[in-house]
Amino acid sequence: MWQIMWLLSLVPDFVYHILLILAILAFGASYILKMVPFITTNAFVIRIASALLIVFCAWMEGGIANEAKWKARVAELEVKVAKAEKEAAEANGKIQTVYVDRVNTVKEIQYVTVNRIAKDAAKIDKTCVIDPEAISILNGAAHVGVKK
Amino acid sequence: MKTLVAVLLLLSLVGCVTPVKREFPRVPEQLMTKCPELLDVPPTTKLSEVLTVVTKNYGQYQECSIKVDSWLDWYNEQKKIFDSVK
């Protein structure tokens, strides 16, 4: 069914406007223009045909109005989506900046700490000797729950 | 009959168009890397060497923690933006 509607939608909108006006005129003419022989002899057929055309065109006008409403809604959404995409990119930029700053701070502090340990190594190592078992325990703890 | 079926199939394909296309929000590249594994302490008796490795592991944890925070921020921000489009 929608394929038929799709085919009908290919016809320009003004065609239905003109057809509707013509159908109304023809319907009126079948009552008013009785002096015209063609109309007088075919009045019934003209009335039925124009009435059917009026119903069809009115239905199509409804469809056109509905489609226009949806097109406006789509256009509105497209604007909103474009704005959202821009905002998303801006948010990404901010998150990226904060991330890089925080990681740099961590690296700087780590660098300072490692240098401090190296500087005071002699003092630290003088009073403490590590048993190999302690290292084995520590390394084992470092890999608990690691995905294999 | 075959032509009619072909035309109907073609028409049924023509209608399959989404009017408003939305792109899935991009994720910053830095957040797309996995957290590295913790470093092992080399066989040693020196506390300073152990401390160095522990410090580096702390650093890795901090970086990973920042990454998780950033992912949470990213999700919350993107959800807020996504929900604003109605």
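## Getting oriented

Helices here are DSSP runs of H or I with at least four residues, strands are runs of E with at least two, and both are numbered from the N terminus. With that in hand, you can place Glu85(A): look in helix 3 of chain A, residues 37-119. Chain B, for its part, has two helices and zero strands.

Before going on, note that this is a predicted model, where local features need pLDDT of at least 70, side-chain atom pairs count only at pLDDT 80 or more, and totals for chains, interfaces and linings use all residues. Residues are numbered from 1 along each chain as its sequence is written, chains are lettered from A and ligands numbered from 1 in the order in which they are written, and side-chain values use heavy atoms, with hydrogens and water left out.

## Where the two chains meet

Let's say two residues are in contact when they have heavy atoms within 4.5 Å. By that rule, 47 residues of chain B are in contact with 39 residues of chain A. The size of an interface is often given as the accessible area lost when the parts come together. Here the area buried between chain B and chain A is about 3,900 Å², and carbon and sulfur atoms give 68% of that (buried area is the accessible area, with a 1.4 Å probe, that two parts lose on being put together, summed over both).

What about charges across the interface? A salt bridge means a side-chain nitrogen of Lys or Arg within 4 Å of a carboxyl oxygen of Asp or Glu. Between chain B and chain A the rule finds one. Asp69(B) and Arg102(A) form a salt bridge, with their closest N and O atoms 3.3 Å apart.

Glu85(A) is worth a look too, since it touches Arg22(B) and Glu23(B), leaving out residues up to four places away in sequence. At 33% relative accessibility, Glu85(A) is partly exposed (buried is under 20% relative accessible area, exposed is over 50%, and partly exposed is in between, using a 1.4 Å probe and protein chains only).

## A lysine tucked away

Now find Lys67(B) in helix 2 of chain B, residues 47-84. Is Lys67(B) buried or exposed? Lys67(B) is buried, yet it has no salt bridge, and the nearest side chain of opposite charge, Glu63(B), is 6.7 Å away. For this count, Lys and Arg are positive and Asp and Glu are negative, while His and the chain ends are not counted.

Not counting residues up to four places away in sequence, Lys67(B) touches Tyr99(A) from the other chain. The rest of its list comes from chain B: Gln30(B), Leu31(B), Thr33(B), Lys34(B) and Cys35(B).

Gln60(B) is also in helix 2 of chain B, and with a relative accessible area of 18% it is buried. Gln60(B) is in contact with Pro36(B), Glu37(B), Leu38(B) and Leu39(B), leaving aside its neighbours within four places in sequence. Gln60(B) and Leu39(B) are 21 residues apart in sequence, with 9.1 Å between their C-alpha atoms.

## Rings

Rings of Phe, Tyr and Trp (its six-membered ring) pair up if their centres lie within 6.5 Å; planes under 30 degrees apart count as stacked, over 60 as edge-to-face and the rest as tilted. The structure holds four aromatic pairs over all chains. Take Trp71(B) and Trp74(B): their ring centres are 5.5 Å apart and their planes are at 75°, so this pair is edge-to-face. Both sit in helix 2 of chain B, three residues apart, or about one turn of the helix.

Trp71(B) is partly exposed at 31% relative accessible area, while Trp74(B), at 7%, is buried. Together with Phe24(B), Trp71(B) and Trp74(B) form one aromatic cluster.

## Salt bridges along the helices

Over all chains, a search finds seven salt bridges. Among them is Lys71(A) with Glu67(A), at 3.3 Å from N to O. These two are four residues apart in helix 3 of chain A, about one turn of the helix. Lys71(A) is exposed at 55%, and Glu67(A) is partly exposed at 37%.

In chain B, Asp83(B) forms a salt bridge with Lys79(B), the closest N and O atoms being 2.9 Å apart. Because Asp83(B) and Lys79(B) are four residues apart in helix 2 of chain B, about one helical turn separates them. Back in chain A, Arg73(A), Glu76(A) and Lys80(A) are linked in a network of salt bridges.
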